[in-house]
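Please read the following account alongside the sequence and the coordinates, beginning with the aromatic rings and then moving outward to the strands and the nonpolar interior.

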Amino acid sequence: MKISKKNVLSFVVVLIISLLSMVSVNSLQAEVFTATAYCSCKKCCDKDPSNKWYGITASGRKARWGTVAVDRRLIKLGSRLRIEGFPDTVFRADDVGGAIKGKCIDLWFPSHRKALEFGRQKLAVELVSGL
């Protein structure tokens, strides 16, 4: 096989495109996000308990401890995350929210009181792979 400048250039272009495709949503490495909290109540989600979608996330799963709402432009739904301050929990990006834009996440809590107690914090968030 003869190696030409055209072949080398083609290889370099394919290599660059491959590398850039890896630097996407799933390349998140311990970045600081603004973290807020929510629960399934009417104040947080605008759904009454009689609504069939009450407590159901954007991915169709029931919200529970470990559920986190994300901006899906940065973190894919279904991604697993480690969040600073919660070493025993692997969170799952199962929800989205109107106010969740950019480097913001919203952690689900079982009560409105617990969500308010959490407040607003800056926390390191890391994508977990291989689980």
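**Aromatic pairs, strands and cores**

Searching the whole structure yields 6 aromatic pairs, where rings of Phe, Tyr and Trp (its six-membered ring) pair if their centres lie within 6.5 Å, and planes under 30 degrees apart count as stacked, over 60 as edge-to-face and the rest as tilted. The model is predicted, so that local features need pLDDT of at least 70 and side-chain atom pairs count only at pLDDT 80 or more, while totals for chains, interfaces and linings use all residues. Residues are numbered from 1 along each chain as its sequence is written, and side-chain values use heavy atoms, with hydrogens and water left out.

A pair of aromatic rings is described by the distance of the centres and the angle of the planes. For Trp65 and Phe91 the centres are 5.4 Å apart and the planes stand at 70 degrees, so this pair is edge-to-face. Because Trp65 lies in the loop between helix H2 (42-45) and strand S2 (67-69) whereas Phe91 lies in strand S4 (residues 91-95), the pair ties together parts that are 26 residues apart in sequence; helices (H or I, at least four residues) and strands (E, at least two) are DSSP runs, numbered from the N terminus. Trp65 is partly exposed, at a relative accessible area of 31%, and Phe91 is buried at 0%, where buried means under 20% relative accessible area, exposed over 50%, and partly exposed in between (1.4 Å probe, protein chains only). Phe91 also forms an edge-to-face pair with Phe86, at 5.5 Å centre to centre and 80 degrees between the planes, and both Phe86 and Phe91 are buried. Trp65, Phe86, Phe91, Phe109 and Phe118 form one aromatic cluster.

How, then, are the strands arranged, and in what order do the 6 strands close into a barrel? The order is S1-S5-S2-S4-S3-S6, with mixed pairing, and two strands are taken to pair if DSSP finds at least two bridges between them. Strand S1 (residues 31-38) runs parallel to S5 and is joined to S5 by 5 bridges, with Tyr38 opposite Trp108 in S5. S2 and S5, by contrast, run antiparallel and are joined by 2 bridges, and here Ala69 stands opposite Asp106 in S5. S3 and S6 also run antiparallel, through 4 bridges, and the bridge partner of Ile83 in S6 is Val125.

Strand S5 (residues 104-108) has 5 of its 5 residues buried, so S5 is largely enclosed by the rest of the structure. Cys104, Asp106 and Trp108 point one way from S5, while Ile105 and Leu107 point the other way.

The largest nonpolar core, meaning a set of buried Ala, Val, Leu, Ile, Met, Phe, Trp, Tyr and Cys residues joined through side-chain atoms within 4.5 Å, has 19 residues, of which Val68, Leu81, Ile83, Phe86, Ile105, Leu107 and Phe118 touch the most other members. The elements giving two or more residues to this core are S1, strand S3 (80-83), S4, S5, helix H3 (112-118) and strand S6 (121-128). Leaving aside neighbours within four places in sequence, Phe118 is in contact (heavy atoms within 4.5 Å) with Ala35, Thr36, Ala37, Phe86, Leu107, Phe109 and Leu123. A second, separate core of 6 residues includes Ala63, Ala69, Ile100 and Cys104.

Leu81 lies in strand S3 and is buried, with a relative accessible area of 0%. The C-alpha atoms of Leu81 and Phe91 are separated by 4.9 Å, although these residues are 10 residues apart along the chain.
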